[in-house]
Every structure is written in C-alpha cells, then in structure tokens.
Amino acid sequence: MILKTEKIHIIFPCPVYITKRDTNLSPKESKEIGKIVKEGMYKNAGNSTSNNSDIFNGKLKKIKQFCEEQLNIYVKEVICPKEELDFYITQSWLNITKPGEHHHEHSHQNSIISGVFYISTEKGDNLQVFDPNQRLKDTITISPKEYNLWNSTNWSFLVNNNDLLLFPSWLRHRVDMRNESATVDRISLAFNVFARGTFGRKGSSSELIL
C-alpha cells in the first residue's frame, strides 16, 4: 500500500470570526437605534454614518455585552497574547445604506480589531474582504478554473440579521452590492477595538506600555 503524504498547509491566515446573537432586537433596542438616527447622520462615500461615534455609551447595552463576549473569544483563540492586555471598544457607530446606495471599500485605522453587527439585512447581503497581498499576486495573472481559498484575491461572506463579524482592522472590506430593495434600509453597527497594557518584549526597544 502506498500512503499519501501530500498535504496543503494554510500559513499566515487572515482570521474572520463569525457568530450570531440568538435573540432579535428588543423594542427598547429598536427605539434606541431610532434615537441614534435622530441625533444625526452624515453622508459617507455611498451611504450614511451616525454622527454619534460612541453609541455604546449608554445605549444598546446588551448588544455591547454580546460583542465584548465574542471579542474575548477572538482575542483568546486568535491573538492569544502572552502579556495581560485589556482589549476594549474605542468607537461604535451606525451605518445606514438606503435603497440604491452602497457601502464603499475601506479599512479601519488606529484600531487592532474591528467588528460589524448586522441589524437589518436583505437576502443575499454580504461582506466582501480583500487579500492585502493582491497587488503582489497580480504581477502574474492565471485565470482559475474555479476559485478557492488559495487563488482568490477577495472573498464574500453572506450576512443576516444578528450576525457579528470580527476581523483585523487592516483588512479592507466593503458590501459587494447596492441595496436593491425598494423600501428597506440596510443597517449595521460597526466598532473598533484597541488594547491597554504592555506591548512588545519587556526590557527591549520594542516595549510599549499603554
């Protein structure tokens, strides 16, 4: 018998964590989202973002608690820091994409981890992410017979109400399609995460205490 020894290893992966809240919005949460919208929205590149960039401050406490619980799992399983670090949400805001609008490609600066919690979605809505090494890979272009995790330069995740996605803040992303609904707004809650504590190696030139 000949034993197969071939194996494809996935190295330096980009972690995208997906989970789902098991409860729908409560009447109180829906009311608080309405208040955030009434506080004002500013026009972004394709959609609108809330003027309030700290909506977890006094509002949507149970959603914040859920996001923080999942964040702790991400930190423990993905980053697995040697030193004691306190990861905390720095900013939180609403995105509204009205019929005919879109959500542009972007990444999040001055942040370690970013998250998106989906409040209102339509069938087929997705988050598209882009390979940061796309330009290097495009120096030689080979058209694939079918796309997979190794030959793709972008990837899309279908999203539904109450889904939460966590990913590195440097990962460029967008919504891959316009809101084709005639009446329904897409609504998502986004947030950024940083950390307090000791970064780098103690006693070395890389040590940073925040």
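Contact here means heavy atoms within 4.5 Å. With that in hand, Phe-56 is a handy way into this predicted model. Setting aside neighbours within four places in sequence, Phe-56 is in contact with Ile-63, Lys-64, Cys-67, Ile-89, Ser-92, Leu-189 and Phe-191. Two of these names, Leu-189 and Phe-191, come back in the largest nonpolar core, where they sit alongside Phe-56, Leu-60, Phe-87, Leu-94 and Ile-113 as the residues that touch the most other members. That core holds 26 residues. At least two residues apiece are supplied by α1, α2, β4, β5, β8 (163–168) and β10, and α2 gives the largest share, with 6 residues. Another core, of 9 residues, lies apart from this one and has Tyr-118, Phe-157, Val-159 and Leu-171 among its members. As a general matter, nonpolar side chains in soluble globular proteins tend to be buried together.

Stepping back to the whole chain, there are 3 helices and 11 strands. Read from the N terminus, the elements run β-α-β-β-α-β-β-β-α-β-β-β-β-β. The C-alpha trace spans about 65 × 50 × 35 Å along its principal axes. Of the 210 residues, 40% are buried. Take the contacts between residues at least 6 apart in sequence: 83% of them join residues at least 24 apart.

Next, helix α1. It covers residues 27–38, 12 residues in total, and stretches 17 Å from its first C-alpha to its last, close to the 16 Å expected at 1.5 Å a residue. Its buried residues are Glu-29, Glu-32, Ile-33 and Ile-36. Because these cover an arc of only 100° around the axis, they end up on the same side of α1. And what do the buried residues of α1 pack against? Their partners are β3 (48–50), α2 (61–79), β4 (85–97) and β5 (113–120). The face turned away from the buried side is where the exposed residues Pro-27, Lys-31 and Lys-38 are found. After the helix comes Gly-40, with a positive phi near 125°.

Now for the strand pairing. β4 has β3 as an antiparallel partner, joined by 2 bridges, and Ser-48 is matched there with Ile-96 of β4. β4 also runs antiparallel to β10 (residues 186–199), this time through 12 bridges. One of the pairs is Leu-94 with Leu-189 of β10, and both of these residues are on the list of those touching the most other members of the largest core.

Elsewhere, 3 strands form an open sheet in the order β7-β6-β9, with antiparallel pairing. Its edges are β7 (154–158) and β9 (173–174), each pairing on one side only. Between β6 (residues 126–130) and β7 there are 5 bridges, again antiparallel. Here Leu-127 has Phe-157 of β7 as its bridge partner, and Phe-157 is also one of the members of the 9-residue core.

Finally, there is a polar spot built around Asn-47 and His-103. Asn-47 lies in the loop between β2 (41–43) and β3, while His-103 lies in the loop between β4 and β5. Buried means under 20% relative accessible area. Asn-47 therefore counts as buried, at 0% relative accessibility. His-103 counts as buried too, because its relative accessibility is 10%. The two side chains are joined by a polar contact of 3.2 Å. The Asn-47 side chain also makes a polar contact with the side chain of Thr-97, at 3.2 Å.

The wider surroundings of this pair can be listed as well, leaving aside neighbours within four places in sequence. Asn-47 is in contact with Tyr-42, Asn-95, Ile-96, Thr-97, Glu-101, His-102, His-103 and His-104. For His-103, the contacts are Asn-47, Asn-95, Thr-97, Arg-174 and Val-175. Asn-95 and Thr-97 thus appear in both sets.

Definitions and conventions
Residues are numbered from 1 along each chain as its sequence is written. This is a predicted model: local features need pLDDT of at least 70, side-chain atom pairs count only at pLDDT 80 or more; totals for chains, interfaces and linings use all residues. Side-chain values use heavy atoms; hydrogens and water are left out. Helices (H or I, at least four residues) and strands (E, at least two) are DSSP runs, numbered from the N terminus. The expected span of a helix is 1.5 Å times one less than its number of residues. Buried means under 20% relative accessible area, exposed over 50%, partly exposed in between (1.4 Å probe, protein chains only). The arc is that of the directions from the helix axis to the C-beta atoms. A polar contact is a pair of N or O atoms within 3.5 Å; within protein, one must be able to donate a hydrogen and the other to accept it, and residues adjacent in sequence count only if both atoms are side-chain atoms. Two strands pair if DSSP finds at least two bridges between them. A nonpolar core is a set of buried Ala, Val, Leu, Ile, Met, Phe, Trp, Tyr and Cys residues joined through side-chain atoms within 4.5 Å.
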